[in-house]
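Hi everyone, thanks for coming. I'd like to walk you through a few pieces of one structure, so please have a look at it with me.

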Amino acid sequence: VPTCVLEASVAPLLPAASGAAPGAPPGVAIAAMHLSHSTGLPLAVLTDMTAAAFHPALKAWLRVADTAFPASAYGVSGGKGSGVSDGGGELESVQAAAAGSAPLGTLAPMLARGSAADQSRAHLEANLASAAALASPGEYRGWLLAYVGHLAGAGDGGRLREVCDELLGPAGYGQGGGGAAWSPAFLGLDKRDLLRAALGVVGQHRALQRFAAEFSALLENAA
């Protein structure tokens with residue numbers, strides 16, 4: 001006997017999409033809908049060039065493609081990927097589909113929110129969350145390294161340190177020390193391996209050589 005394992009309504013998507021901004025195109029509709037290859041959860045592509053994935057724990061739709069970052073350096077346009085991931089990932093596929101979802105002759109509203117640098121950072125953070133929601137480790141790694149590169153280029157040492165601290169984990173972890181609340185892996189990716197890759201990106205910036213050396217030493221001591 002067939003069993004319903006998940007019930008989700010798309011109704012919350014449509015008013016939010018059509019009322020997202022003054023001048024939004026009327027009659028926003030579902031352009032395509034399918035189940036995620038990795039999570040089995042519903043994915044909806046809308047005709048306003050956005051897409052959403054249903055999060056069962058939150059019982060809400062999460063945007064995985066958006067038009068809120070028009071000045072981002074990491075946008076997807078014309079149905080083509082951003083070039084950040086290796087290609088073929090589900091997030092890139094969904095975002096490319098959303099970019100080409102608007103009916104011919106219409107444009108989705110794009111409201112600028114902050115400077116191009118701020119929009120780029122916010123876009124990277126959104127894509128990290130989206131890759132996590134879609135359980136796409138390859139894309140998560142690609143967006144994480146792009147995020148680290150953006151922070152390093154902007155000289156944003158505060159956020160960069162937060163990222164590296166989380167990837168490094170607490171002192172003594174794996175050596176009989178504390179840190180029970182910290183997980184050494186995410187989406188099957190070893191966090192300290194991610195940190196090594198991230199430090200390779202950071203080390204390309206002359207002003208952050210000391211920062212990279214500091215975390216490289218901490219990483220070596222943690223091994």
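**Strands first, then a helix pair**

Let's begin with a single pairing: Val45 has Ala51 in β3 as its bridge partner. Do keep in mind that we are looking at a predicted model.

That pairing belongs to strand β2, residues 42-46, which joins β3 in the antiparallel sense over three bridges. The hairpin these two strands make has four residues between the strands, and there Met49 takes a positive phi near 70°.

Now to the other neighbour of β3. Strand β4, residues 60-65, runs antiparallel to β3, and five bridges join them. Here you'll find His55 opposite Ala60 in β4. This hairpin, of β3 and β4, also has four residues between the strands, with Lys59 at a positive phi near 55°.

So how many of the five residues of β3 are buried? Four of them are, so strand β3, residues 51-55, is largely enclosed by the rest of the structure.

Let's move over to the helices. Helix α6, residues 191-202, packs with helix α7, residues 209-222, at an angle of about 160°, and their axes are 10 Å apart. Angles over 145 degrees count as roughly antiparallel, and α6 and α7 are therefore roughly antiparallel to each other. The crossing of α6 past α7 is left-handed.

And who meets whom? From α6 come Arg192, Leu195, Arg196, Leu199 and Val202, and they meet Phe211, Ala212, Phe215, Ser216, Leu219 and Ala222 of α7. Sorted by character, the residues of this contact are eight nonpolar, one polar and two charged.

That's my tour, thanks for listening!

Definitions and conventions:
Residues are numbered from 1 along each chain as its sequence is written. This is a predicted model: local features need pLDDT of at least 70, side-chain atom pairs count only at pLDDT 80 or more; totals for chains, interfaces and linings use all residues. Side-chain values use heavy atoms; hydrogens and water are left out. Axes are lines fitted to C-alpha atoms, for helices over the stretch in contact, and angles run from 0 to 180 degrees between N-to-C directions. Angles under 35 degrees count as roughly parallel, over 145 as roughly antiparallel, 65 to 115 as roughly perpendicular and the rest as oblique. A crossing is left-handed if the near helix is turned anticlockwise from the far one by less than a right angle, and right-handed if clockwise. Contact means heavy atoms within 4.5 Å. Ala, Val, Leu, Ile, Met, Phe, Trp, Tyr, Cys and Pro count as nonpolar, Asp, Glu, Lys and Arg as charged, and the others, Gly among them, as polar. Buried means under 20% relative accessible area, exposed over 50%, partly exposed in between (1.4 Å probe, protein chains only). Two strands pair if DSSP finds at least two bridges between them.
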